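Open the model in your viewer and keep the selection box ready. We will go from one stop to the next.

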Amino acid sequence: MTTPNQPWPDPSESVSRLIRELAETLLARLDEVIADATAASIAEPQYRTIADDPTLADADARLVVSLVKHWVTSNITEPGKRVRPLGGAEMRTFARDVVLRGLVADDVGAWRSVQRVCWKWWLTACFDATDDPAELRELCEVSGNTLTTFTDDAMAELSEYVRRISDELAGGSQLQRYATVELLLQGADISTAHAEEQLGYALTGSHLGVVVWVDSEDDVGSLDRAAEQVMRACGADRRLTVVAGTATMWLWIPTAVTPSPEAVADRLRGHRHVRVALGRPARSAAGFRRTHMDAAAAQRLLVRLDSQLTVVRYEDVHLIDLISGDVAAADRFVADVLGDFLDASPVLHRTVLVHVEEGLNRTSTAERLYTHRNTIDRRLARVDELLPKPFAQNPTEVVVALTLLRVRRGGE
């Protein structure tokens, strides 16, 4: 019997049992399903806006996992019935991020790819579960109804959240500021005077783009205070701040100098869960865009390499960014270049990097590392023993490999 709330009949007892068993099996393999769904999502052109933003992509991924798990577990407790909406903080947070990014619910089209992947897994299991044609037909029909309806309901729920939040924020300064920033970042034809009026920020002179974010919503209260400390580390007394999501802020600071990671980290000691990516200073409206793109690329690099670095400057890692698009290939490069030196003491790794920064001068290397020149000689001799070929024969690749390793492992 159908109802207005569920326009398909409840499954028979035997099909209910099969749905419950299949859901239990799928739950045990949820990681595999999610991996397939993520790969399918990335292939969707409309997903690029989300995939290119680590914070938004992470929020989307967490929500998709929750949705799939919710559908599967609901079919264990109430097989074949219409699944109630997910609701909760994750959906509201993601909707707010969508609005703040200037997106609409239709931009989240990759959810249909997730649906297709889940259906492929489910359908394969259905054909393995029964040889009875009538039972198989009912199993597929009920399962298809509940999965399709749940996806429709989830997208409708997100659309409603987006509508409400858009209404709440309509005309707000943050949305207006974000819209103007997006026009500048896209290279749109907008007059400098009008943009400066909307932003309350001068586009002449040099800017430093910064991305400040946290990995957990529990720490969002630290964002604004951390942004203030980053500004202070730059020696500035003003900044342009754009709220780019629940857990992310974009900053532009009027300065021609990038502070050292150590100086920023020292300022952030009271905000240990905050992470910062700094671009390279650049001038004028074109530089406003370029320095932000640098900072965003540095943030994506940390996420791509699963690095725990808390502060990164793009100028220190731009070569690593270029060669690490394929993470597995980058890891092989590191292993091939470093050989046994890969697992050497971090002290030896740092000695090589400082030695290069000091122009291969062993005396100044010793002074900077607060040790004796003879100690540096012994360390560098040991480095040559561990490397596949002496450092002097391959300095560039060794430095690149060590830098990539430092970022990968989250070393300071």
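Which residues line the largest cavity? Select Val64, Leu67, Val68, Trp71, Trp111, Val114, Gln115, Cys118, Leu147, Phe150, Thr151 and Ala154. Keep in mind that this is a predicted model. The cavity they line has a volume of about 160 Å³. Three elements each give two or more residues to its lining: H4, H6 and helix H7 (133-169). Look at the residue types too. Ten lining residues are nonpolar, two are polar and none is charged.

**The whole chain**

Now zoom out. The protein chain has 412 residues, and 49% of them count as buried. Colour by secondary structure to see 18 helices and six strands. Along the principal axes, the C-alpha atoms fill a box of roughly 85 × 60 × 35 Å.

**A second cavity**

How many cavities of 30 Å³ or more does a search of the whole structure find? The search finds two. For the second largest, select Ala59, Arg62, Leu63, Glu90, Thr93, Phe94 and Glu217. The space inside is about 30 Å³. H4 and H5 are the elements that give two or more residues to this lining. Here the lining has three nonpolar residues, one polar and three charged.

**The second largest pocket**

Next, select Asp53, Pro54, Ala57, Asp58 and Val303. Of the 38 residues lining the second largest pocket, these are the closest to its centre. The pocket holds about 730 Å³ of space. Now show the elements that give two or more residues to its lining: helix H2 (30-42), helix H3 (48-51), helix H4 (54-77), helix H5 (88-100), strand S1 (206-214) and helix H12 (284-304). Which element gives the most? It is H4, with nine residues. By type, the pocket lining has 16 nonpolar, nine polar and 13 charged residues.

**Aromatic pairs**

Turn to the rings. The structure holds four aromatic pairs. Start with tryptophan 71 and tryptophan 122. Their ring centres are 5.1 Å apart and their planes meet at 70 degrees, so the pair is edge-to-face. Why does this pair tie together parts that are 51 residues apart in sequence? Tryptophan 71 lies in helix H4 and tryptophan 122 in helix H6 (residues 110-129), so the pair joins those two parts. Both tryptophan 71 and tryptophan 122 are buried.

Move on to tyrosine 201 and phenylalanine 288. Here the ring centres are 6.3 Å apart and the planes are at 50 degrees, so the pair is tilted. This pair links distant parts of the chain, 87 residues apart. Tyrosine 201 sits in the loop between helix H9 (192-199) and S1, while phenylalanine 288 is in helix H12. Are these two residues buried or exposed? Tyrosine 201 and phenylalanine 288 are both buried. Add Trp252 to your selection: Tyr201, Trp252 and Phe288 form one aromatic cluster.

Then select arginine 164 and tyrosine 161. Arginine 164 lies over the face of tyrosine 161, at 5.8 Å from the ring centre.

**Along H12**

Last, select H12. This helix has 21 residues. From first C-alpha to last, H12 reaches 30 Å, close to the 30 Å expected at 1.5 Å a residue. Its buried residues include Gly287, Phe288, Thr291, His292 and Asp294. Farther along, Leu301 and Leu302 are also among the buried residues of H12. Finish at aspartate 306, which follows H12 and has a positive phi, near 55 degrees.

Notes: Residues are numbered from 1 along each chain as its sequence is written. This is a predicted model: local features need pLDDT of at least 70, side-chain atom pairs count only at pLDDT 80 or more; totals for chains, interfaces and linings use all residues. Side-chain values use heavy atoms; hydrogens and water are left out. On a 1 Å grid over the protein atoms alone, a cavity is a set of points where a 1.4 Å probe fits but cannot get out, and a pocket is an open set with protein on both sides within 12 Å along at least five of seven lines; lining residues have an atom within 4 Å of a point. Grid points are joined across faces, edges and corners, and a volume is the space filled by probe spheres set on the points. Helices (H or I, at least four residues) and strands (E, at least two) are DSSP runs, numbered from the N terminus. Ala, Val, Leu, Ile, Met, Phe, Trp, Tyr, Cys and Pro count as nonpolar, Asp, Glu, Lys and Arg as charged, and the others, Gly among them, as polar. Rings of Phe, Tyr and Trp (its six-membered ring) pair if their centres lie within 6.5 Å; planes under 30 degrees apart count as stacked, over 60 as edge-to-face and the rest as tilted. Buried means under 20% relative accessible area, exposed over 50%, partly exposed in between (1.4 Å probe, protein chains only). A charge sits over a ring if NZ of Lys or CZ of Arg is within 6 Å of the ring centre and within 35 degrees of the ring normal. The expected span of a helix is 1.5 Å times one less than its number of residues.
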